[in-house]
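Here's a quick tour for anyone meeting this structure for the first time. Have a look at the chains before reading on.

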Protein chains: 2
Amino acid sequence: MIDIRSLEVFYWVVELRSFSRAAHRLNTSQPAVSQRVGALEQRLGYELLMRPTRTCRLTDRGRILFDYAEQFVRLQAKMESEVISPGNVRRTVRLGVSETIVHTWLPAFVEGVHSEMPNLTIDIMVDITPRMYVSLEAKELDMAFMLGPVSEPGYQSVPLNSYPLSFVAKRGLIAEADRNDIRTIARHPIITYPRETYPLTALREIVSKIIMRQPRIFANASLSTMVKMAKDGIGIALIPAEVVQEDVADGALEVLDIDLGLRPLTFVATYPHELDDHLCEILARKARKIAEDYKMRL
Amino acid sequence: MIDIRSLEVFYWVVELRSFSRAAHRLNTSQPAVSQRVGALEQRLGYELLMRPTRTCRLTDRGRILFDYAEQFVRLQAKMESEVISPGNVRRTVRLGVSETIVHTWLPAFVEGVHSEMPNLTIDIMVDITPRMYVSLEAKELDMAFMLGPVSEPGYQSVPLNSYPLSFVAKRGLIAEADRNDIRTIARHPIITYPRETYPLTALREIVSKIIMRQPRIFANASLSTMVKMAKDGIGIALIPAEVVQEDVADGALEVLDIDLGLRPLTFVATYPHELDDHLCEILARKARKIAEDYKMRL
DNA sequence: AGAGGTTACGGGCAGCGTAAGGATC
DNA sequence: GATCCTTACGCTGCCCGTAACCTCT
């Protein structure tokens with residue numbers, strides 16, 4: 001009589017305060033959402049939303065239904081996670097990923113998940129950590145592999161792996177003798193992660209204390225661009241050595257043996273702990289395992 | 001993904017231990033049930049029922065799904081009862097009714113319910129109380145208006161009304177002077193409810209003590225037949241006067257003023273207290289009110 | 001004028017019922 | 001052979017997506 005799909009649609013319309021966002025979230029068209037909510041109201045014989053306003057506020061009776069809708073959506077998520085064998089999970093998970101991970105073990109992760117859960121689609125959005133926070137909050141992402149630690153309430157966080165930050169330079173750019181001398185290195189621009197990220201802020205603070213001035217920094221949101229810039233000798237990259245292992249192996253880049261005491265980059269899998277918990281948990285554990293394997297293989 | 005309808009179907013298949021009974025219960029065809037369960041198994045990738053046996057036993061994983069299915073069905077029933085305005089309830093309730101009630105206030109009840117809940121269909125099965133018990137147990141009925149009191153565990157029971165039992169005879173069959181004399185009356189066969197019912201057993205016990213022999217009793221499961229027999233002078237009916245008020249009014253029958261101290265017939269609305277509770281509760285209350293109104297109008 | 005929601009319409013597909021086909025007692 | 005479930009098949013009706021329309025800022 002009352003379809004669970006309709007309740008799910010209604011739930012997300014309210015949760016996201018928008019028909020179109022709900023449509024997007026549910027991988028359907030906005031008219032489809034409109035129709036379902038309309039049909040629901042018609043079947044019940046009263047309005048659920050105070051529509052004229054843009055905010056999709058609930059009516060009193062809508063509130064009652066919403067509470068039930070939430071219970072249904074939760075129960076459904078719980079059931080599906082427990083009852084459906086992994087190979088039969090048919091869903092789309094929207095995953096935010098830091099570029100660093102894209103360049104290391106993400107391919108292995110995607111392949112691994114695909115082989116175990118062939119009907120699971122992973123939509124990958126590459127972005128920087130602060131923006132992924134926002135996307136998680138807006139429920140545009142189901143999970144993110146990003147820089148940790150995360151201690152937001154309402155989020156579950158599984159540590160993945162850590163990458164020590166290394167200075168990486170074009171081969172021959174820095175003379176053998178100067179490779180542990182920060183002053184020499186700091187004559188070159190430092191290419192690293194964009195503002196609002198740990199590497200940049202920490203670097204600026206530490207280096208400026210040593211060389212008594214602000215280092216030149218090329219902040220860049222694209223890891224591959226950073227690598228390219230380093231390979232072109234434009235500057236020296238402060239990035240995990242792991243992402244350039246091939247370039248180091250074939251001699252294009254070299255890792256400088258200098259240690260400023262920077263914290264390694266720690267990545268975590270983060271997801272809101274509710275509703276789809278279980279699948280995210282499985283994926284997070286899988287990611288952790290893949291990341292460990294990756295480290296071992298190096 | 002997993003439809004609540006499929007869960008409902010699966011739930012009833014297990015609960016009733018039969019595909020065909022589930023189909024009947026859900027007002028659908030048996031192949032439809034078969035398909036839904038089949039589709040469910042296919043989607044999940046494993047079997048839910050150990051089919052070859054006639055008993056529809058659950059597999060281990062089927063058991064897990066069944067627990068969820070039950071939660072869904074309960075939640076759905078709860079939600080629909082709270083959220084759907086009475087006028088929009090679209091369901092079929094299978095109601096067992098004692099014939100006595102059919103002849104008194106059932107028409108008013110049906111009409112009253114129909115006017116308030118035009119989309120509610122009531123399937124009425126007229127039967128005697130002991131058989132309605134069985135039907136309730138087998139879940140062939142959702143609710144029954146029958147003789148009380150009921151104290152079975154697992155059943156909810158709402159008192160409706162009481163009918164004092166009266167001796168009713170064809171006009172002139174018993175002389176004015178003898179109308180309070182049980183010995184005279186007992187020369188005629190007593191027409192009343194069938195065996196296993198209170199009126200018959202109580203009558204037999206009380207009368208036999210007075211007249212020192214077994215009275216002749218015509219036990220009959222059909223109230224209208226009883227009335228007809230009384231009107232034909234075949235015997236004297238022991239029934240509620242209410243059911244023959246018209247015949248008394250137009251002079252075909254008359255009520256004898258004799259009191260053997262028989263308990264009045266007490267009717268109750270009985271339904272298993274689970275799942276569809278709420279609707280049954282509403283209907284039971286409605287029935288009670290109609291029954292009271294009926295009594296007032298007399 | 002543009003974003004966001006509704007209405008209109010055509011097509012695809014899931015799910016139903018009828019009917020025929022096994023399997024098991 | 002009777003009962004119960006499964007398979008086959010045609011059909012209906014729902015629901016979706018595209019597109020045009022409305023409405024409020």
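Let's begin with how the two copies sit relative to each other. In this predicted model, a turn of 179° and a shift of 0.1 Å along the axis lay chain B on chain A with an RMSD of 0.2 Å. The two copies are therefore related as by a two-fold rotation axis. In chain B, the C-alpha nearest that axis belongs to Ile4(B), 3.1 Å away from it.

Now for the place where the chains meet. Here 23 residues of chain B are in contact with 22 residues of chain A. On the chain B side, helix 3 and helix 4 (60-83) each supply at least two residues. Which helix gives the most? That's helix 4 of chain B, with ten residues. And because 96% of the interface residues of chain B are also interface residues in chain A, the copies meet through the same surface.

Next comes the DNA. There are 20 residues around DNA strand D, and those that come nearest are Ser29(A), Phe19(B), Ser20(B), Pro31(B) and Ser34(B). Both chains take part: helix 3 (30-44) of chain A, along with helix 2 (19-25) and helix 3 (30-44) of chain B, are the elements giving two or more residues to this surface.

Here's how the two surfaces break down by class:

| Surface | Nonpolar | Polar | Charged |
|---|---|---|---|
| Side of chain B that touches chain A | 13 residues | five residues | five residues |
| Surface near DNA strand D | seven residues | nine residues | four residues |

Definitions and conventions: Residues are numbered from 1 along each chain as its sequence is written. Chains are lettered from A and ligands numbered from 1 in the order in which they are written. This is a predicted model: local features need pLDDT of at least 70, side-chain atom pairs count only at pLDDT 80 or more; totals for chains, interfaces and linings use all residues. A residue is near a molecule or strand if its C-beta atom, placed from the backbone, lies within 6 Å of it. Helices (H or I, at least four residues) and strands (E, at least two) are DSSP runs, numbered from the N terminus. Ala, Val, Leu, Ile, Met, Phe, Trp, Tyr, Cys and Pro count as nonpolar, Asp, Glu, Lys and Arg as charged, and the others, Gly among them, as polar. Two residues are in contact if their C-beta atoms, placed from the backbone, lie within 7 Å. Copies are superposed by least squares on the C-alpha atoms of residues with pLDDT of at least 70 in both.
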